[in-house]
Amino acid sequence: MKVFKFGGASVKDPEGVRNIAKIIQLYQDDGLVVVVSAMGKTTNALEEVVQLYYHRAEGYAEKLESIRQYHYSIMEELFPMCQHLVYEEVEHVFYQLKLICQTKPEADYNLIYDRIVSYGEILSTRIVSAYLSEIGIENTWLDARKLIKTDQNYRFAKVNWSFTEILLKQAIRNAKGRYVIQGFIGSDDNYHSTTLGREGSDYTAAIAAYCLGAESVTIWKDVPGVLNGDPKVFENTVLLRKISFTEAIELAYYGASVIHPKTIQPLKQKNIPLMVKSFARPEAEGTEIQNGSSLEPMVPCFIRKTNQAVLNVSTTDLAFIVEEHLSQIYATFHRYGIRVNLTQNTATSSTFVINHDPVNVPMLLEDLKMHFTISYRPEATLFTVRHYSEKLMDEFLRDKHPIISQSTPVIYQIVVF
């Protein structure tokens, strides 16, 4: 059995859904678990619904209707007959969303976030599964909320691996079958929806592969494979034909957007190869990630992380910032699910470059203010260059004015505004 994952760009329009079917037809002899993300920018749109609903602001009903119309425009081209069952299934999803938004918001924002945002994947998989059936590709639609079991760390849920493995093996028994399942979502012991972190559909594919002992995982993207930099940001990028698991983990850790950071680890444990291929050119070789040499070809890799912020934390009495203080600071980061991407220390202060989360960062700052003196500056960008040379960095830094920089023999990082 193989595991395929299709992201939002793969299913943003009717042609994308048709293309998924064409790719699946190329693998007629294989059992497939097909993991699908929300269509296009649906997750972003549902996040806006969450914000409006939670703060009891006007406009969430109109936003929901625009999301509904977007999905209906795709269905009307794929299923011209309006009596098709998928219309009823999709309408039921929007009915559930409307019911949620008619109730008083609960205190836990993250629980509400997961409950609402998870419906994006439910919608996309209903449509994809129905289209596959419509053209004669027999498949089974699965609800990841019943199969991927997690803790109650909403928005950043951790997987209960043993329980999830049992449930997935019970649901997926036909090694030659075709199964369509949502990425990104699961549920806790009370069947409250949970999410695995943004871009978590890659992680879902790895979870399914690990639990089922799959032959391989293929992530279908709108790029030819893993490049040594984002071609929208960096010039003259090249395709990385092969990457070791260890190198992939390093690239993901520093923010390479083509791979979710948590995706690699379960695959490495069972030595399951990960392929990254172009959904526009499925016959092209793409990138293979498995045990072996670090990179092929061996070239510098460039990563840009936007939406960063620089947080400076210092002791209120100019005392040395020591292990006790750092332990307290990192515990606070953990409490609010804040990712630290770079840190520098002086005698009396520490500077952290973190992801700017508009929901949790304000709570983090209020907490830290009770014990420390802080300053906070958002709208930063973090550049990381892996396998750099001094000559390369001289050229790279020519038009940049970093406020923070640090390096190791392999990694060079700078922060700019």
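**Exercise 1. The second largest pocket**

Find which helix gives the most to the lining of the second largest pocket in this predicted model.

*Solution.* Start with the residues that line the pocket: Phe-234, Glu-235, Phe-302, Leu-392, Glu-395, Phe-396, Asp-399 and Lys-400. Next, compare them with helix α13, which covers residues 390-396. This helix gives the most to the lining, with three residues. Now sort the lining by class: four residues are nonpolar, four are charged and none is polar. To finish the picture, add the volume, which is about 220 Å³.

**Exercise 2. Reading the sheet**

Work out which strands lie at the edges of the sheet.

*Solution.* Begin with the order of the nine strands, which is β3-β4-β2-β1-β7-β9-β10-β8-β11. The sheet is open and its pairing is mixed. The edge strands are β3 (140-141) and β11 (295-296), since each of them pairs on one side only. Then see what packs on this sheet: helix α6 (residues 119-134) touches β2 (32-36), β3 and β4 (178-182). The direction of α6 makes about 160° with that of β4.

Now try one pair of strands from the sheet. How many bridges join β7 to β9? There are five, between residues 216-221 of β7 and residues 274-278 of β9, and the two strands run parallel. For one residue, Ile-219, the bridge partner in β9 is Val-276.

**Exercise 3. Two helix pairs**

Decide how α7 and α8 are oriented to each other, and do the same for α4 and α6.

*Solution, α7 and α8.* Helix α7 (residues 161-171) and helix α8 (residues 201-212) pack at about 75°, and their axes are 9 Å apart. Angles from 65 to 115 degrees count as roughly perpendicular, so α7 and α8 are roughly perpendicular to each other. Next, look at who makes the contact: α7 brings Trp-161, Thr-164, Glu-165, Leu-168 and Lys-169, while α8 brings Tyr-203, Ile-207, Ala-208, Tyr-210, Cys-211 and Leu-212. By class, these are eight nonpolar, one polar and two charged residues.

*Solution, α4 and α6.* The axes of α4 (residues 85-101) and α6 come within 9 Å and cross at roughly 175°. Angles over 145 degrees count as roughly antiparallel, so that is how α4 and α6 lie to each other. Among the contact residues are Val-90, Phe-94 and Leu-97 of α4, together with Ile-122, Leu-123 and Ile-127 of α6. The class count for this contact is 11 nonpolar, one polar and two charged residues.

Note on methods. Residues numbered from 1 in each chain as written. Predicted model: local features only at pLDDT ≥ 70, side-chain atom pairs only at ≥ 80, totals over all residues. Heavy atoms only, no water. Pairing = 2+ DSSP bridges. Helix = DSSP H or I, 4+ residues; strand = E, 2+ residues; numbered from the N terminus. Contact = heavy atoms within 4.5 Å. Axes fitted to C-alpha atoms, helices over the stretch in contact; angles between N-to-C directions. 1 Å grid on protein atoms, 1.4 Å probe; cavity = no way out; pocket = protein on both sides within 12 Å on 5 of 7 lines; lining within 4 Å. Points joined across faces, edges and corners; volume = space filled by probe spheres on them. Nonpolar A, V, L, I, M, F, W, Y, C, P; charged D, E, K, R; others polar. Parallel < 35°, antiparallel > 145°, perpendicular 65-115°, else oblique.
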